[in-house]
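Work through these exercises with the structure in view. Try each task before reading its solution.

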Amino acid sequence: MTAWVGARVPRKEDRRMLLGRGRFVADMARADTLHAGFVRSPYASATIKSIDVSAAKRVDGVLDVLTGADLGDPFLRAVLERDEFTPTEMPMLSGDRVRFVGEPVAVVIAEDAYAAEDGVEAVEVEWATGPVVLDIAAALAADAEVHSGTRNCLVDLVLFDDPGLDAIFADARLTIEATFTSARVSAQPMEGRATMAEWDDRDSQVVVHTSTQVPHQCRSGIAQALGIPERSVRVIAPDVGGGFGQKCVVSREEVVLAAAAMRLRRPVIWVEDRQENLTASVHGHEQRYDVTAAFDADGRILGLAADITCDIGAYSVFPFTCAVEPLMAATELPGIYKVPAYRARGRGLATNKAPTAPYRGVSRPQIVLVMERLMEKAAARLGVDPIEIRRRNMILPGEFPYTGVNTITYDEGSYLESLDLTEKKITEAGWYTERDRLREQGLLAGIGFSCFSERTAYGTPTMSQRRMRMTPGYDTAHVRMDPSGEVVVTTGTCGHGQGHETTFAQIVADQLGIHPDQVRLRQGDTDLTSYGWGTFGSRSIVIGGGAARKAADAVAGRLRKVAAHLLEVGEDDVELADGRAGVRGVPDVSLPIAELARVVHFQTHRLPEECRYGLEARESADPPGTFSNACHATLVSVDPETGDIRARKFLVVEDCGVIINPLVVDGQVRGGVAQGIAAALYERITFDQEGQPTSATLMDYLVPTATEICPIEIHHLETPSPFSENGSKGMGEGGTIGAPAAVLNAINDALAHRGVEFDHIPVMPEDVLS
């Protein structure tokens, strides 16, 4: 009996991708397609005195130039139903004021992309520049306001406040005060944002093909902004070339193209260039943590206080709002450690920069960095081994389920086991000897660790606590077997490179006793799938895959009824395996599953009432969420002459519960670690004093190549989750979450003998040299 869950099945998607047969938005141009180009603000802060489009309309090939007023001034308004939150309207095309460089103020529609660009250059805008709020410090000073009457604070949450903390800090053997910061970064998916919208006269709806992680949320946003029913909008996500959070919010360009297609009754396409992606899309990661922690003489943490500020840019993104980062950070900062007393304040501050969105990891790379640096600092000052101090503070076997001071209940994890295995593996592999050898060669070298959990698959019970007006969580899957025994699965999740077509097929194939090649996944089309929340937050396999398993199990139950009737045996005696419905213990008595499907569809009269009329089921899943965990270790070298920092070895011990496909998991871990190393050493978006981006090309924004990423060794543990239909836990963000802290700790280990200590990312060569 073949079991597909847990098998290293090659990804079904890869063949068409490698042969160039994928279908992305840029591949979808129609014969009469028009091209859009956006007129964007060259200033970080300005009022618009006038927009003259007359010259642009005379450019050869230009059909129309539209401003916000032409479209009825559509806007999106993300809402968090909390008194501490201030909502802001984000205009789709700004008509009176711009708040960051790259903000769109008009769109040019032309016969080709070249004419559209010429038209963009011909639009004349009269600007009156204003004061720029550049960073967190300027936002707190509130000498100028990004949004009038807000003092730049769009969310201010005090979620926990233990009244005994001050006394704990006063009496503790060791109190550490430190500030930790992370730079603004760009997700940089291989495929940037892209949208093609067209009007369908037959169905009286605008069809929006767009590179998105969240098709249904995109449909809702377009409908709300344009004031039309949702049935008038169909969103289709074809193949999507990566997202990392950048595509899990509704973009202005998606709404504008939908409006343009409705107005012109012709297809309109827009594919952003890399400069637009770096400057005018959403960013992530820019945060500051002012932290105080108390420890006893043995290194056990006694109390923790954190004042968390997040630079959220100019607007709240739809639908998550700007509160997603401060909420996540303040709620989940303690992580895997037993913190007895806790205080946390989280603020989202507006600045004259592009908005931030839920970048991969959503504050957890930062909170893990904070906790892991605190453990290292306490260990050094108390003379305790840094691995041992982690053991003394982490949630241990036998203590699960564990409810922390943050009121979160952690399901069973392998925190201690993953740390112990990591230490064992790197010791056996000679990492410490290698570190000493590098030092003898004149390099500075260090080893760093990070231990963490990753809260995944946030269902409605968890997401509702954020009080979003649009509360994501559940997902629904539909499983349908056709007369030939082939299966189509539809789901509200939306893959963008993770291998969903393979892993969902493995889950469903196991339940139905067929081969994964007989299962086809359909997702990303709002007219075909039930309302769903897309793919973000490491939710797809637990929630979407859980719903698919439930639906497949229901179809399997009907197949067993049919087989029992045709074979004249008890239903409980039927098993589905290897493409056949057989009788347990009687190997010669069976029927092909395809034969059962044929009878159900074509010879219904042969079956009792309860077995008739199709083989399909629709089920939903809405778990509370579950915690995967991991331990990362890395060996880095630092060249004292150039400041060059290199990760030389990287090891991951991860636990995501039941592994659906080890090949897919390993790919996600490696990609995540690469992204985490990038955040620690290379990537940062920078601005000059006027708010002009100074990292607007890939010459200035350093995305690492394969030569900068060292080999990554991966080991798996499996602690099944009781909250998951599959026993699996999400794992799509863990590599990114743990890697920055491990790299930073390794750098500090390398430089410790020189009295140097960094508490920010990225650490650049100039930091080392200074």
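**Exercise 1.** Find the partner of R184 in a salt bridge, and say where both residues lie.

*Solution.*
- This is a predicted model.
- Start at the side chain of R184. Its salt-bridge partner is E286, with an N to O distance of 2.8 Å.
- Place R184 next. This residue lies in the loop between β10 (174-182) and β11 (194-200).
- Then place E286. This residue lies in the loop between α8 (274-280) and β15 (287-295).
- The two are 102 residues apart, and the pair links distant parts of the chain.
- Finish with burial. R184 is buried, and E286 is buried too.

**Exercise 2.** Explain why the salt bridge of D239 and R16 ties together parts far apart in sequence.

*Solution.*
- Check the contact. The side chains of D239 and R16 form a salt bridge, 2.7 Å from N to O.
- Locate the ends. D239 sits in the loop between β13 (233-236) and α7 (252-264), and R16 sits in helix α1 (residues 14-18), so the pair joins parts that are 223 residues apart in sequence.
- Judge the cover on D239. The cut-off for buried is under 20% relative accessible area. D239 has 13% relative accessibility, so it counts as buried.
- Judge the cover on R16. Its relative accessible area is 23%, so R16 is partly exposed.

**Exercise 3.** Describe the salt bridge between E595 and R598, and say how the two are placed in their helix.

*Solution.*
- Take the distance. The closest N and O atoms of E595 and R598 are 2.8 Å apart.
- Look at the helix. Both residues belong to α17 (residues 593-602).
- Use the spacing. They are three residues apart, so about one helical turn separates E595 from R598.
- Compare with the cut-offs. E595 is partly exposed at 25% relative accessible area, and R598 is partly exposed at 28%.

**Exercise 4.** How many salt bridges does a search of the whole structure find? Name the residues of one network.

*Solution.*
- The search finds 54 salt bridges.
- In one network, salt bridges link R40, R193, E253, E272 and E276.

**Exercise 5.** Which residues gather in the patch of negative charge on the surface? Place E121 in its helix.

*Solution.*
- The patch is made up of D112, E117, D118, E121 and D273.
- E121 is part of helix α3 (residues 113-122).
- Its relative accessible area is 66%, so E121 is exposed.

**Exercise 6.** Compare the length of helix α6 with the expected span, then say whether the helix is enclosed or open.

*Solution.*
- Helix α6 covers residues 215-226, twelve residues in all.
- Go from its first C-alpha to its last. The helix reaches 17 Å, close to the 16 Å expected at 1.5 Å a residue.
- Turn to burial. Eleven of the twelve residues of α6 are buried, so the rest of the structure largely encloses the helix.
- Among the buried residues are P215, H216, C218, R219 and L226.

**Exercise 7.** Where are the cis peptide bonds that lead into P319 and P401?

*Solution.*
- First bond: F318 to P319 is cis, with omega near 5°. P319 lies in the loop between β16 (301-313) and α9 (324-332).
- Next bond: F400 to P401 is cis, with omega near -10°. P401 lies in the loop between α11 (386-393) and β18 (402-403).

**Exercise 8.** What is the phi of A457 and of Y613, and is each residue buried or exposed?

*Solution.*
- Begin with A457. Its phi is positive, about 55°, although A457 is not a glycine.
- A457 lies in the loop between β20 (444-456) and α14 (460-463). Its relative accessibility is 0%, so A457 counts as buried.
- Move to Y613. Its phi is also positive, about 70°, and Y613 is not a glycine either.
- Y613 lies in the loop between α17 and β27 (615-621). Its relative accessible area is 56%, so Y613 is exposed.

**Exercise 9.** How far apart are L769 and T67, in sequence and in space?

*Solution.*
- In sequence, L769 and T67 are 702 residues apart.
- In space, they are 49 Å apart, C-alpha to C-alpha.
- L769 is found in helix α20 (residues 765-769). At 48% relative accessibility, L769 is partly exposed.

Technical notes
Residues are numbered from 1 along each chain as its sequence is written. This is a predicted model: local features need pLDDT of at least 70, side-chain atom pairs count only at pLDDT 80 or more; totals for chains, interfaces and linings use all residues. Side-chain values use heavy atoms; hydrogens and water are left out. Patches are made of residues with over 30% relative accessible area and no salt bridge: like charges are joined within 9 Å, nonpolar side chains (Val, Leu, Ile, Met, Phe, Trp, Tyr) within 5 Å. Accessible areas come from the Shrake-Rupley method with a 1.4 Å probe; for residues, only the protein chains shown count as cover. A salt bridge is a side-chain nitrogen of Lys or Arg within 4 Å of a carboxyl oxygen of Asp or Glu. Lys and Arg count as positive and Asp and Glu as negative; His and the chain ends are not counted. The place of a charge is taken as NZ of Lys, CZ of Arg, CG of Asp or CD of Glu. Helices (H or I, at least four residues) and strands (E, at least two) are DSSP runs, numbered from the N terminus. Buried means under 20% relative accessible area, exposed over 50%, partly exposed in between (1.4 Å probe, protein chains only). The expected span of a helix is 1.5 Å times one less than its number of residues.
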